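Trainee: I have a new structure open and I'd like to learn how to read it. Could you walk me through it, one feature at a time?

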Amino acid sequence: MLLAIDIGNTNIVLGMIEGKKILHQVRIATDQVKTSDQYCMDLNNMLGLYGMEKSTIEDVIISSVVPPVLNSLRTAVMKLTGKSPFVVGPGVKTGLNIQMEDPSQLGSDLVVGAVAALKEFKPPLIIIDMGTATTISAIDKTGTYVGGSICTGVKISAAALTGKTAQLPGISLEAPKKAIGKNTIEAMRSGLMLGSACMLDGMIDRYREELGEQATVIATGGIAKYVLPMCRREIIYDRDLLLKGLIAIYENNKK
């Protein structure tokens with residue numbers, strides 16, 4: 001079994017994979033304070049939850065955008081399994097052609113998502129990942145990663161709105177009934193949720209203009225499933241996109 005781990009700013013996604021099949025997917029909170037021993041316990045508990053033995057783990061691959069957590073989790077994996085995990089980073093064979101000023105600065109999550117999207121869809125592509133931040137990546141018709149955007153995530157926007165204003169309350173991230181809110185809560189939901197959907201629609205149009213193609217749009221991330229129903233552009237949702245990318249990169253490098 002392959003254990004694939006994607007470390008994000010808010011959540012760590014763990015996938016238990018047999019061949020190319022994702023048997024189980026688990027999310028735990030990212031905590032920069034946790035020690036390797038604590039993460040080791042988390043991993044062990046996760047395996048126990050699904051009746052899996054640590055001896056069944058043949059290999060581990062990790063991508064991370066949180067360096068301190070990467071160090072703790074890598075050590076945790078070694079303590080639990082005795083194996084040194086494969087970490088996505090510069091020098092790794094991804095098969096992705098990156099046309100950026102400094103390709104080494106491209107986040108591993110963006111690389112992993114692009115690799116997965118290219119395995120399943122014909123370019124040009126627009127890839128949206130809605131997590132702590134909302135990232136939008138562009139892949140041209142030759143399959144080259146040509147750049148992207150980094151936007152404030154919905155939860156960050158909500159926290160800033162309530163934290164920096166005197167009279168606005170915290171709200172649940174639900175779709176508004178209408179664009180024109182009739183009370184404070186609905187007005188905030190309109191701005192946060194519908195505003196995010198409109199931003200995506202607008203950015204998709206701009207990306208397609210610059211790419212010169214009617215690019216296919218794929219989205220992933222924990223927030224995406226709440227925002228995408230409000231979008232007017234066709235967007236394919238794939239919650240497993242990053243795990244699929246980790247599987248592909250693992251296979252490329254083990255060959």
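Mentor: Sure, and keep in mind that this is a predicted model. Let's begin with disulfides.

Trainee: Okay, how many disulfides does a search of the whole structure find?

Mentor: The general idea is that a disulfide is a covalent bond between the sulfur atoms of two cysteines. Here, searching the whole structure turns up 0 disulfides.

Trainee: Why is there no bond at Cys-151?

Mentor: Look at the distance. The closest cysteine sulfur to that of Cys-151 belongs to Cys-231, and at 12 Å it is too far for a bond.

Trainee: Is Cys-151 buried or exposed?

Mentor: Cys-151 counts as buried, because its relative accessibility is 18% and the cut-off for buried is under 20%. Cys-40 is buried too, with a relative accessible area of 15%.

Trainee: On to the sheets. In what order do the 5 strands of the open sheet stand?

Mentor: First the general idea: strands of a sheet pair through backbone hydrogen bonds, either parallel or antiparallel. In this open sheet the order is S3-S2-S1-S4-S5, with mixed pairing. At the edges you find S3 (21–29) and S5 (86–87); each has a single partner strand, so one side of each has no neighbour in the sheet.

Trainee: What packs on that sheet?

Mentor: Helix H1 does, touching S1, S2 (11–18) and S3, and its direction makes about 45° with that of S2. Helix H7 (residues 241–254) lies across S1, S2, S3, S4 and S5, at about 120° to S4.

Trainee: Which way do S1 and its partners run?

Mentor: S1 (residues 2–7) pairs with S4 (residues 59–64) in the parallel sense, over 6 bridges. One place to look is Leu-3, which stands opposite Val-60 in S4. With S2, the pairing of S1 is antiparallel, again over 6 bridges. There, Ile-5 has Leu-14 of S2 as its bridge partner. S1 and S2 also form a hairpin, with 3 residues between them.

Trainee: How many of the residues of S1 are buried?

Mentor: The idea to hold on to is that in a regular strand the side chains alternate between the two faces of the sheet. In S1, 6 of 6 residues are buried. Leu-2, Ala-4 and Asp-6 lie on one side and Leu-3, Ile-5 and Ile-7 on the other, so both faces of the strand are covered.

Trainee: Let's go back to H1. How do I read a single residue in it, such as Ser-36?

Mentor: Start with where the residue sits, then check its cover and its contacts. Ser-36 belongs to H1 (residues 36–49) and is buried, at 15% relative accessible area. Its side chain makes a polar contact of 2.8 Å with the side chain of Lys-79. Leaving aside neighbours within four places in sequence, Ser-36 is in contact with Ser-72, Thr-75, Ala-76 and Lys-79.

Trainee: Can we do a whole helix too? What should the 13 residues of H3 span?

Mentor: At 1.5 Å a residue, H3 (residues 108–120) should span 18 Å, and its end C-alpha atoms are 19 Å apart, which agrees. H3 is also largely enclosed by the rest of the structure, because 10 of its 13 residues are buried. Among them are Ser-108, Asp-109, Leu-110 and Val-111.

Trainee: In what order do the 6 strands of the other open sheet stand?

Mentor: They go S6-S9-S8-S7-S10-S11, and the pairing is mixed. The edge strands are S6 (97–98) and S11 (236–237), each pairing on one side only. Helix H5 (residues 184–211) packs on this sheet, touching S7 (125–130), S8 (133–139), S9 and S10, with its direction at about 20° to that of S8. S10 (residues 216–220) and S11 run parallel, joined by 2 bridges. Ile-218 has Ile-236 of S11 as its bridge partner.

Trainee: One last residue: is Thr-152 buried or exposed?

Mentor: Thr-152 is exposed, with a relative accessible area of 51%, and its place is in S9 (residues 144–152). Sequence and space are worth reading together here: Thr-152 and Thr-134 are 18 residues apart in sequence and 6.0 Å apart in space, C-alpha to C-alpha. Beyond its neighbours within four places in sequence, Thr-152 is in contact with Thr-134 and Ser-157.

Key:
Residues are numbered from 1 along each chain as its sequence is written. This is a predicted model: local features need pLDDT of at least 70, side-chain atom pairs count only at pLDDT 80 or more; totals for chains, interfaces and linings use all residues. Side-chain values use heavy atoms; hydrogens and water are left out. Helices (H or I, at least four residues) and strands (E, at least two) are DSSP runs, numbered from the N terminus. Buried means under 20% relative accessible area, exposed over 50%, partly exposed in between (1.4 Å probe, protein chains only). A polar contact is a pair of N or O atoms within 3.5 Å; within protein, one must be able to donate a hydrogen and the other to accept it, and residues adjacent in sequence count only if both atoms are side-chain atoms. Contact means heavy atoms within 4.5 Å. A disulfide is a pair of cysteine sulfur atoms within 2.5 Å. Two strands pair if DSSP finds at least two bridges between them. Axes are lines fitted to C-alpha atoms, for helices over the stretch in contact, and angles run from 0 to 180 degrees between N-to-C directions. The expected span of a helix is 1.5 Å times one less than its number of residues.
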